[in-house]
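Good morning, and thank you for coming. Please take a moment to look at the model on the screen before I go through it.

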Number of protein chains: 4
Amino acid sequence: MAGNTFGENFKITTFGESHGAAVGVIVDGVTPGVEIDEPYIQIQMDRRKPGQSSVTSPRKEYDRINIMSGVFEGKTTGTPLFIMLHNTDMKPEAYNDIQHSFRPGHADYTYLMKYGIRDHRGSGRASGRETAGRVAAGAVARKLLEHRGVSVVAYTKQIGGIRCVTFDEQVIEQNPVRACDLDAAARMVEKIEYLSSVGDSCGGIVECRIRGVRPGIGEPVFDKLDAELAKAMLSIGAIKGIEFGAGFAAADMLGSEHNDQMNSTGFLTNNAGGIVGGISNGEEIVFRVAVKPTSSITVPQQTMNIAGKEQTIVTEGRHDPCICPRIIPVVEAMACIVLEDQLKRQAAMHDR
Amino acid sequence: MAGNTFGENFKITTFGESHGAAVGVIVDGVTPGVEIDEPYIQIQMDRRKPGQSSVTSPRKEYDRINIMSGVFEGKTTGTPLFIMLHNTDMKPEAYNDIQHSFRPGHADYTYLMKYGIRDHRGSGRASGRETAGRVAAGAVARKLLEHRGVSVVAYTKQIGGIRCVTFDEQVIEQNPVRACDLDAAARMVEKIEYLSSVGDSCGGIVECRIRGVRPGIGEPVFDKLDAELAKAMLSIGAIKGIEFGAGFAAADMLGSEHNDQMNSTGFLTNNAGGIVGGISNGEEIVFRVAVKPTSSITVPQQTMNIAGKEQTIVTEGRHDPCICPRIIPVVEAMACIVLEDQLKRQAAMHDR
Amino acid sequence: MAGNTFGENFKITTFGESHGAAVGVIVDGVTPGVEIDEPYIQIQMDRRKPGQSSVTSPRKEYDRINIMSGVFEGKTTGTPLFIMLHNTDMKPEAYNDIQHSFRPGHADYTYLMKYGIRDHRGSGRASGRETAGRVAAGAVARKLLEHRGVSVVAYTKQIGGIRCVTFDEQVIEQNPVRACDLDAAARMVEKIEYLSSVGDSCGGIVECRIRGVRPGIGEPVFDKLDAELAKAMLSIGAIKGIEFGAGFAAADMLGSEHNDQMNSTGFLTNNAGGIVGGISNGEEIVFRVAVKPTSSITVPQQTMNIAGKEQTIVTEGRHDPCICPRIIPVVEAMACIVLEDQLKRQAAMHDR
Amino acid sequence: MAGNTFGENFKITTFGESHGAAVGVIVDGVTPGVEIDEPYIQIQMDRRKPGQSSVTSPRKEYDRINIMSGVFEGKTTGTPLFIMLHNTDMKPEAYNDIQHSFRPGHADYTYLMKYGIRDHRGSGRASGRETAGRVAAGAVARKLLEHRGVSVVAYTKQIGGIRCVTFDEQVIEQNPVRACDLDAAARMVEKIEYLSSVGDSCGGIVECRIRGVRPGIGEPVFDKLDAELAKAMLSIGAIKGIEFGAGFAAADMLGSEHNDQMNSTGFLTNNAGGIVGGISNGEEIVFRVAVKPTSSITVPQQTMNIAGKEQTIVTEGRHDPCICPRIIPVVEAMACIVLEDQLKRQAAMHDR
């Protein structure tokens, strides 16, 4: 099956390359009769767009979305929403140098091996620009989840070895790295700016919390809630790992420590991260993803070109020295899409 | 979509509860004309079955598989393989005590919340017994991968805080915890036996290496190779996280450290774990999964029963104090299934 | 995608060859908490089995089904139902003669061309025996539809050029050809017995009526209710066409004749067959399928063998001279499966 | 699963309403490295567009397509093709009268029942305009099939009771009804013009022939070639039936007549229509579809409005008095999509 569709009952299909005419998404299975408009979606787009601060790429993508179908007189009709963004501020000539080279960390080599042909301009389909469609679709899912009382929030937990100590949800959107700890945030910004000045980049960890999901959501044995979230997250470029609740730390715990005991009011701990047996247990769903350092750096690196000749490469261009701040709305979007899909599947199973 | 089917062009559908009549799998999309027989599959079943050593459950499941369709005169016919295991050595009465209680760490509560009804005997569908069908299907995929020169091996990397220092593939099947380091293995066994004696359990980390996958396998942007592997792994009960290559350690690395540079003979490092942009790059594919400690322990724990009354529970039964040794064939099986499916998808895309 | 799975939210996967060990089905997405038992399903199996009368095959398939999972204490659990039938009364040696020949009308040639290998015994996977799993799954769907007030009934409309004139639903199960007109039925039986005596066979038309489906069911633009029913029906061997409502007769009608006008109590006619724009309109859903004459005849026919050598063939064996009576429960089963699936999809779309 | 996606390995997803901003399609799974350009696709669009002759709607839809992604330097890249058509020449005010009424034969009533909301302008999503995306995607499939030596041609067989007697493929595109018999075509045009003058409409039969498909294509038991074609065709508005080869006439044939006998050079007849057991047999694939008379007529008809009040309605607007000529490219497009998808599936199955 071709791989650009995600979800079953709530389903998205994306298209678009970095330097093609447009990127966008078809969202199918949208509940009819729900009020939605472009400004609501635009809010999420603006969180993803470059140029938001000193720590993000200075590119000026004009991420203005248009809803081209599926909405009538301000309400969804149940037919597919098509949401498009025209590509602007493209500088394809900036990529001429790397046309015949494989940039380390980029998908240049693997795309060429897979398809036998490659749109090299701005990484083509492998560009982060591809996620614009996901964020637009995620905003639609988020609107549906709002009606259900479900909220999804992601934030930077760690960047460049600097870890958040406190958790204050209020500050997340008030610092350029979207960290949950202002002190840590300041040090993260400092580190990113330094790395940017020397042409290097760094990675980090993003955490996501989902609240308001009732117990019982998830589809064993293969489409478990954590399995679907894992697929959704690992489908995002730059994400190299995911863990739920205690996650990898569970490897060092005893059963008597890890098991979440209950009393009559609910669970006493949340080592499971809100999912047991692949099904939500009513607690907060918590997961973390590992974000690799941005591949584009101006530090000279060794590589080979298409002809197999060795060369030293410097990846010029306008890149984010750390992708965490901008990956956060993508993480949230994919989580929203998984949840809306799974909630609809639960409804289907119980319908009688 | 109902959740008990996995894969597209190579597709498995499983059924069965721990204490029902049988468990098994339908494997669809099998390449026709391939020699396969029951003993070949049985080898993998025997690696998964309980009672293999002092560190696994003493239950005597007679995991004898039968191929009931799809093979004719020793060769696959291209029609669905149906592989079944009858359930034996069941002691449903052993579960009478927990019929009305929610065991901490188990899916008792979430299954009841999801379905409104629960087969409590031996955890029902949420039992590890469910994975028998996966292992049988994985053996079929493994056979097809053998013809392609692809091999998949998983092993214990860490148990109860004890980490393998050396890597010796030859010793994996020669120690009861399937660790890649005999010294570490000895200490792991000791620790598990101790924990077993006090009624507790522990978790660990399993690593998987896949060799022989040519560059170009994986289906961006949603069905990326790592995304599919992540879903497959997180669909296994007890697995709470996955990371590829450098994984979570990438969060603390610089771009100049993490990027895998190339020379004319290939990549100089493998921080990516063999997958870039969701597509194999020809290097060894490496990932690790976090395995939580077994939920069934005899240490008394606090819980509530179906009526909402608080109680203290002790989970009797014949359980593995650490599930790592027996989860390894399941990890390998799911990896085989993902790879065979993705290889077939690549063939479909390029067919002309 | 492998082709032995049908449906999305209510999903069936079948396996099995005519002369393998067993045939059966996994039914996934079953509403939990519904009472179902083997005798209920057996009723439908018995309508499909051979040897019911002078006009059906005298083979003695012991079509006894077993529910092997997914039911606990008499109720569905929401986990997959696995239903199996062991194959008995097999005479594989009866097929030795045709092992190397292509029987006209049979799928011998196409199966060999597709798979490069062929289980020739009793037509293998291409046997009508494959439909046993469908009928079992259809009975599960029928049970769920009963709770919704939906009924599905199919019957012979025409056999061997003899057409039913009257429609009396009560007589359908009381005549061996399951016709809706007893007079026509008598002449049909006479004709079939004559053809059987001379080693020939005949085709017919089966009509299906579905009642109690509320308006609004069907998923444009591709998974329309009629599109899904058409796929389901054409997936049945021997069916070569389908038409809804006025069907092919619509080709000769004017718009002013064909349009179903309305008054305040509903539609005045039902030329649409209950489906407009791919969505149910609340009227009876009516379709007809064309059933080809049974391929197995003892009239000598010209063919070639695997080696490309021409030969004359006589298809011995125990065959139905007209498949209409036994295809009826299969038509009903597939219709039930489509409807339950579509009803669940409607629930998913509107869930909020 | 949401219903606006069709196909597995070659997959299309459409969007768009008649009077929204645009209609279009994402085509996923396209073989990379194939030359394709907009003029090639435009040829098919122009065959579908209104205003081609005296017997089609005089609307001036400017069906100019744009490929917005998935093509680089004139070749497909293996990433999704997005093809869009802006909507123009819309007269939404022309539909004000019918905003609150259910037009007989149209999907007004069923859409409102399904979604609870309806974009009434030009039938919204239920408009024939929706098929523009299908035709664009079909042109992509057609290009891939050309490389395989597969051709697909459909034509009018019958309109308003007038049936083609001869078959001359050369004349199909040279008469306004796309009939295969010029004499019949002239009489068809005459009839349509007369019906148009009195505000009525008529139906017809379209036949499709597919050549060059090698034996072995189709995926039993559910995704058989004829089953997929049947679903594809019945998903087209206005199509009410399909039959393969002898089709409904098979109901009156004997087995000895219907079976296609073979000699060493192949089949002697083609009653099967090129498909046996759901798999192509190498003969020409032949099917016919029943096209209902256009629903929009100015003959006064009885209906009710949304408030349940009875009324007489006259459907003004610019409509085709017979949809056969313009449905032909849609039939071909869907057939191309099914075939390319099935050919890719065969490749996946046999890949090793």
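I shall begin with a single strand. In β2(D), the side chains sort into two groups: Lys11(D), Thr13(D) and Phe15(D) point one way, while Ile12(D), Thr14(D) and Gly16(D) point the other way. Here it helps to recall that, in a regular strand, side chains alternate between the two faces of the sheet. Please keep in mind throughout that this is a predicted model.

Is β2(D) mostly covered or mostly open? Strand β2, residues 11–16 of chain D, is mostly covered, with 6 of its 6 residues buried. The residues pointing one way are buried, and so are the residues pointing the other way.

Let us now turn to the partners of this strand. Which strand pairs with β2(D) over 2 bridges? That is β1, residues 5–6 of chain D, and the pairing is antiparallel. Within this pair, Thr13(D) of β2(D) has Thr5(D) standing opposite. The hairpin of β1(D) and β2(D) has 4 residues between the strands, and in this hairpin Gly7(D) adopts a positive phi near 100 degrees.

The other partner I wish to show is β3(D), residues 22–28. How many bridges join β2(D) to β3(D)? There are 6, and these two strands also run antiparallel. For one example of a bridge, Thr14(D) has Val25(D) in β3(D) as its partner. The connection from β2(D) to β3(D) is a hairpin through 5 residues.

I now move from the strands to the relation between two chains. A turn of 180 degrees, with a shift of 0.0 Å along the axis, lays chain D on chain B with an RMSD of 0.0 Å. This is the relation of a two-fold axis. The same surface serves both copies, since 100% of the contact residues of chain D recur in chain B. Which residue of chain D comes closest to the rotation axis? It is Ala348(D), whose C-alpha lies at 2.4 Å.

Finally, consider the contact itself. On the chain D side, 18 residues are in contact with 18 residues of chain B. Two helices of chain D, α3 (131–148) and α7 (324–350), each supply at least two residues to the side that touches chain B. The largest share of that side comes from α7(D), with 7 residues. What kinds of residue make up this side of chain D? They divide into 6 nonpolar, 6 polar and 6 charged.

That concludes my presentation, and I thank you for your attention.

Terms used: Residues are numbered from 1 along each chain as its sequence is written. Chains are lettered from A and ligands numbered from 1 in the order in which they are written. This is a predicted model: local features need pLDDT of at least 70, side-chain atom pairs count only at pLDDT 80 or more; totals for chains, interfaces and linings use all residues. Copies are superposed by least squares on the C-alpha atoms of residues with pLDDT of at least 70 in both. Two residues are in contact if their C-beta atoms, placed from the backbone, lie within 7 Å. Ala, Val, Leu, Ile, Met, Phe, Trp, Tyr, Cys and Pro count as nonpolar, Asp, Glu, Lys and Arg as charged, and the others, Gly among them, as polar. A residue is buried if 20 or more other C-beta atoms lie within 10 Å of its own, exposed if 12 or fewer, and partly exposed in between; C-beta atoms are placed from the backbone. Two strands pair if DSSP finds at least two bridges between them.
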